[in-house]
Amino acid sequence: MDSFGGFEAHWIWITLGLVLGTLEMIVPGVYLIWLALAAIATGLLTLGIGLGLPMQIVVFVSLSLIAAFSAKRFLRDSPIESSDPLLNQRGGRMIGQTAVVAQAFDNGSGRIRHGDSEWLARGPDLDVGTRVRITGSEGAVLVVEPVNLIEGTAKEAAPKTQASEGEGSGSETA
C-alpha cells in the first residue's frame with residue numbers, strides 16, 4: 001500500500017468518495033454519485049488487497065466508467081416516472097381553467113388575466129372582460145377559447161342581443 005503524506009491510500013479514496021457523495025447532494029445532476037461509489041470501492045479494494053498506486057487509478061477509472069454507463073443505460077431503459085408530470089410546465093397546468101381577457105384580442109392574439117398574472121394568448125378575436133377557457137399552451141403563449149357558460153342560453157340570447165342593440169349593454173358584463 002502506498003502512503004501519501006502519512007495517510008494510508010485507502011483512507012484517501014474513501015474520503016474522496018464521501019466528499020463526492022456530499023457534492024452530489026449539493027450540485028444538481030446524477031453524476032458524482034457514480035464517481036463516489038467507484039472511489040469508495042477503490043478504497044475498500046486497496047484496504048483489502050493492498051493495491052499499488054497505478055492499479056488504484058486503473059481500478060477507479062474502470063469502476064467509474066462501468067458505474068456511469070450502467071446507470072445511464074438503466075435510467076434510459078426505465079426512466080423515473082414523476083408523480084406530477086406537469087410540475088415545471090406552468091402553461092400545461094392551466095389547461096381547462098378559466099381566465100378573463102385583459103387586452104382585447106386582435107388578429108388572434110391578446111392578453112388574459114389568470115390569477116394575479118397576465119399571459120399572452122392566442123384565440124379568436126375577443127373583447128376585454130370576456131371569460132375564456134385555456135385549451136392549450138405553446139411555450140409561454142396560452143391557447144384560449146370563449147366560455148359559453150350555458151350553451152343553450154348563449155345561442156338563444158344571441159339574436160335577442162342583436163335585435164335590442166340600442167338597449168343597455170350593462171347586463172352583458174354581469
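Colleague: Taking helices (H or I, at least four residues) and strands (E, at least two) as DSSP runs, numbered from the N terminus, how many helices and strands are there in the protein chain?

Modeller: The protein chain has six helices and seven strands, and along the sequence they follow the pattern β-β-α-α-α-α-β-β-β-β-β-α-α. Please keep in mind that this is a predicted model, in which local features need pLDDT of at least 70 and side-chain atom pairs count only at pLDDT 80 or more, whereas totals for chains, interfaces and linings use all residues. Residues are numbered from 1 along each chain as its sequence is written, and side-chain values use heavy atoms, with hydrogens and water left out.

Colleague: Ok, the barrel then. In what order do the five strands close?

Modeller: The order is E3-E4-E5-E7-E6, with mixed pairing, where two strands pair if DSSP finds at least two bridges between them. Neighbouring strands of this sheet are turned by 50° against each other on average, direction ignored; the axes behind that value are lines fitted to C-alpha atoms, for helices over the stretch in contact, and angles run from 0 to 180 degrees between N-to-C directions.

Colleague: How many bridges join E3 to E4?

Modeller: Four bridges join these antiparallel strands, and one partnership is that of Asp106 with Ser109 in E4. Two residues lie between the strands of the E3 and E4 hairpin, where Asn107 takes a positive phi near 55°. Going on around the barrel, strand E4 (residues 109-114) runs antiparallel to strand E5 (residues 117-122), and six bridges join them; Ser109 has Arg122 as its bridge partner in E5.

Colleague: And the E6 side, which strands does E6 pair with?

Modeller: E6 pairs with E3 in the antiparallel sense over three bridges, and six bridges join E6 to E7, again antiparallel. Val100 has Arg131 as its partner in E6, while Ala99 is bridged to Val132. Val132 in turn has Pro146 as its bridge partner in E7. E6 and E7 form a hairpin with two residues between them, and Gly139 in that turn has a positive phi of about 70°.

Colleague: What makes up the largest nonpolar core?

Modeller: Twelve residues do: Met94, Ala99, Val101, Phe105, Ile112, Trp119, Ala121, Leu126, Val132, Ile134, Leu142 and Val144. A nonpolar core is a set of buried Ala, Val, Leu, Ile, Met, Phe, Trp, Tyr and Cys residues joined through side-chain atoms within 4.5 Å, and buried means under 20% relative accessible area, exposed over 50%, partly exposed in between (1.4 Å probe, protein chains only). Strand E3 (98-106), E5, strand E6 (131-138) and strand E7 (141-146) each supply at least two of these residues, and E3 gives the most, with three.

Colleague: Take one of them: what does Ala121 touch?

Modeller: Not counting residues up to four places away in sequence, Ala121 is in contact (heavy atoms within 4.5 Å) with Phe105, Gly108, Ser109, Gly110, Ile112, Val141, Leu142 and Val144.

Colleague: Is Ser117 buried or exposed?

Modeller: Ser117, which lies in strand E5, counts as buried because its relative accessibility is 18%. Its side chain makes a polar contact with the side chain of Trp119 at 3.2 Å, a polar contact being a pair of N or O atoms within 3.5 Å; within protein, one must be able to donate a hydrogen and the other to accept it, and residues adjacent in sequence count only if both atoms are side-chain atoms. Leaving aside neighbours within four places in sequence, Ser117 is in contact with Arg90 and Ile112.

Colleague: Switching to aromatics, how many pairs does a search of the whole structure find?

Modeller: The search finds one aromatic pair, formed by Trp13 and Phe60, which is tilted with 5.0 Å centre to centre and 35° between the planes. Rings of Phe, Tyr and Trp (its six-membered ring) pair if their centres lie within 6.5 Å; planes under 30 degrees apart count as stacked, over 60 as edge-to-face and the rest as tilted.

Colleague: Why does the pair tie together parts that are 47 residues apart in sequence?

Modeller: It does so because Trp13 lies in helix H1 (residues 9-26) and Phe60 in helix H3 (residues 53-77). Trp13 is buried at a relative accessible area of 11%, and Phe60 counts as buried at 17%.

Colleague: And Lys72, buried or exposed?

Modeller: Lys72, in helix H3, counts as exposed because its relative accessibility is 56%. Lys72 and Tyr31 are 9.5 Å apart, C-alpha to C-alpha, and 41 residues apart in sequence.
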